[in-house]
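Welcome, and thanks for taking a look at this chain with us. Below is a short briefing to read alongside the sequence and the model.

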Amino acid sequence: MFRRLPETASDSAEVTLWVDGEPQQVGATLSVAAALLQQRGWAEYRLHHDGTPRAPLCMMGVCHDCLITIDGEPNRQGCLVIVKDGMRIETQMPAAQPTPGASTG
Ligand code: FES
């Protein structure tokens, strides 16, 4: 479904993300959601409140299927956050409580 565009010179830089406690080298220009999709392929990383697995879909801040914990803050939209070196990511399996006022998809 998703395919990465050809790399440019600026895409060659990498940062280290800590994903569920494991270090992952990812491109420095990626969003958190794109980095996880690149690392894991098409893989869900949270559960909907009805228990169904969810994965990033729209990659532009609309669907909220990319909610993830970033540096201890749950329910961030991973598609809207650019990775930073040392960032700590925790998948939301099982789902955390939704942020008040946020869409639950
Ligand atoms: S992937 Fe749809 S809001 Fe992030």
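Helices here are DSSP runs of H or I with at least four residues, strands are runs of E with at least two, and both are numbered from the N terminus. Please keep in mind that this is a predicted model. With those terms, the chain holds one helix and seven strands. Read from the N terminus, the order is β-β-α-β-β-β-β-β.

**Overall picture**

- The chain has 105 residues, and 23% of them count as buried.
- Among contacts with a separation of 6 or more, 45% join residues that lie 24 or more positions apart.

**The sheet**

- Which strands make up the open sheet, and in what order? Five strands take part, arranged as E2-E1-E7-E5-E6, and their pairing is mixed.
- E2 and strand E6 (73-77) sit at the edges with a single partner strand each, so one side of each has no neighbour in the sheet.
- From one strand to the next, the twist averages 40°.
- As background, strands of a sheet pair through backbone hydrogen bonds, in either a parallel or an antiparallel way.

**The E1 and E2 hairpin**

- Six bridges link E1 and E2, which pair in the antiparallel sense.
- Two of the residue pairings are handy for finding your way: Glu14 stands opposite Gly27 in E2, and Trp18 has Pro23 in E2 as its bridge partner.
- The two strands form a hairpin with two residues between them, and Asp20 in the turn has a positive phi of about 50°.

**A closer look at Asp20**

- Asp20 belongs to the loop between E1 and E2.
- Is Asp20 buried or exposed? A residue counts as exposed if 12 or fewer other C-beta atoms lie within 10 Å of its own; Asp20 has 12 such neighbours, and therefore counts as exposed.
- Leaving aside residues up to four places away in sequence, Asp20 touches Glu90 and Thr91.
- Asp20 and Arg88 are 68 residues apart in sequence, yet their C-alpha atoms are 7.7 Å apart in space.

**Strand E5 and its partners**

- E5 and E6 pair in the antiparallel sense over three bridges, with Ile70 opposite Glu73 in E6.
- These strands also form a hairpin with two residues between them, in which Asp71 takes a positive phi near 50°.
- E5 pairs with E7 too, in the antiparallel sense, over two bridges.
- In that pairing, Thr69 has Glu90 in E7 as its bridge partner. Glu90 is also one of the residues that Asp20 touches.

**Helix H1**

- Which residues of helix H1 (residues 32-40) are buried? They are Val32, Ala33, Ala34, Ala35, Leu36 and Leu37.
- The buried residues of H1 pack against four strands: E1 (14-19), E2 (22-27), E5 (67-70) and E7 (88-90).
- For general orientation, an α-helix has 3.6 residues a turn, so residues three or four places apart point the same way.
- Just after H1 comes Gly41, with a positive phi near 75°.

Notes
Residues numbered from 1 in each chain as written. Predicted model: local features only at pLDDT ≥ 70, side-chain atom pairs only at ≥ 80, totals over all residues. Buried ≥ 20, exposed ≤ 12 C-beta atoms within 10 Å, placed from the backbone. Contact = placed C-beta atoms within 7 Å. Pairing = 2+ DSSP bridges. Axes fitted to C-alpha atoms, helices over the stretch in contact; angles between N-to-C directions.
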